[in-house]
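Please open the structure in your viewer and keep a selection tool at hand, since this tour goes from one selection to the next.

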Amino acid sequence: MSAAEGARRPWRASRRNSDAAGATLAFVESPVQLLNVLEWAHTESVVQDGALTVVVLSPHDPMTRGQLRRMAELARDEGCTVRWEEARGGAAAPLRTIGGLAPLLRRARRIVIGDPFSRYVQLLLTIGKARDLVVVDDGTATMEFISQLARGERLVRWHRSGGSRGARDLVFAPFSATARRRLTPVPDSDRRSVGVFSSMPVEPPPGVTVTANDFSWTRARFGPPRLTRGTDIVGTSLVETGVVDPDHYLAAVRALARTHGATRYFAHRRESADKLHALAAATGLEIVRPDLPLELIARRGPIGRTILSFPSTVVHTLPLALVGTGVKVAVCDVDPAWLTTKASPRAQGFLSGVTGTARDVQRLTYAATG
């Protein structure tokens, strides 16, 4: 790691436990989830030497895999045991992965998960017997998870449209229901605890403990960044998830770039190459494909003095990661006219909530981009 990334400091010392191996087992499927596991471990002073094992349930997407590889290197540098699982590498992969992880699940005293909506994770939760469960941020999805948990609803991603359930949903329903029960605390009981480690504004149901994520690990190890004179735009996967129409999105990015003098566009790891090529041709923006989560990229620098984003996780996390640097974060609302006919009925309300609850950001209306 370069000198610009800052010197590492070891986690705070803690007495070693002779049976620490397998004490805490974390499951991650994205770079942001792994970043937040490291933030949680730093906050909780989780020791090294096998006390924390991180299992990467690797996805297919090459950009996500690349960022996960880089984050796995950082995790090993911090003393974590990292186990990389090709969990989706063929028809036999799930059975092979679950079979290999079963002994670890049975020994783990605490399980940390990054995506409670993941079918893979829900299935693994039905096998593990750990008394302590911790959910770390998977971006703004944490807000929806807490809301659904409080209402006792089945766990469904906010951008999924319609209420119908397919054949796979029906087959998996018993496992999903069991996982939801495990994530629901039992009042006045010490049989298990449920915690959430989050930088999002959440109102937990009774019995769920929330610990604030202030990105202290990121700030300790990266930066402070060198600031450029320009403005940077942060991309989103709202088009890829079918929420926002691609033509409207391109027009909005073009208007933001023109109005605010932006020069660079930091692509979301899920954005398609065709879409990014069209953005570059229409706007003249330099397209940057980060090799790490944006919180680390921005903290490492160089980064613009102003960062523009649509409603997304970064409007909550970047102000925390960049506190004291002088960087201004602004968020542009999504015009309801940009939504596709396939967008979930909850989409506009959810996106408005992401913007409205963001702290220490400037709010831009979509009218201002025209």
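Which residue in β6 is the bridge partner of Val136? Keep in mind that this is a predicted model, then select Val136 together with Phe197, because Phe197 is the bridge partner that answers the question. Widen the selection to strand β5 (residues 132-136) and strand β6 (residues 193-198), which pair in the parallel sense over five bridges.

Next, bring in the sheet of seven strands, an open one with parallel pairing, whose order reads β3-β2-β1-β4-β5-β6-β7. At its edges you will find β3 (81-85) and β7 (208-212), each of which pairs on one side only, and from one strand to the next the twist averages 20 degrees. Now add helix α1 (residues 31-43), which lies across β1 (24-28), β2 (52-57), β4 (110-113), β5, β6 and β7, and which runs at about 155 degrees to β1.

Then move to the other sheet, which is open, has six strands in the order β10-β9-β8-β11-β12-β13, and shows parallel pairing. Its edges are taken by β10 (286-288) and β13 (362-364), and because each has a single partner strand, one side of each is left without a neighbour in the sheet. Here the twist from one strand to the next averages 30 degrees.

To look at one edge in detail, select β12 (residues 328-332) with β13, a pair joined in the parallel sense over three bridges, and pick out Cys332, whose bridge partner in β13 is Leu364. Finish with helix α11 (residues 314-321), which lies across β8 (227-234), β11 (303-309) and β12, and runs at about 175 degrees to β12.

How values were computed
Residues are numbered from 1 along each chain as its sequence is written. This is a predicted model: local features need pLDDT of at least 70, side-chain atom pairs count only at pLDDT 80 or more; totals for chains, interfaces and linings use all residues. Side-chain values use heavy atoms; hydrogens and water are left out. Two strands pair if DSSP finds at least two bridges between them. Helices (H or I, at least four residues) and strands (E, at least two) are DSSP runs, numbered from the N terminus. Axes are lines fitted to C-alpha atoms, for helices over the stretch in contact, and angles run from 0 to 180 degrees between N-to-C directions. Contact means heavy atoms within 4.5 Å.
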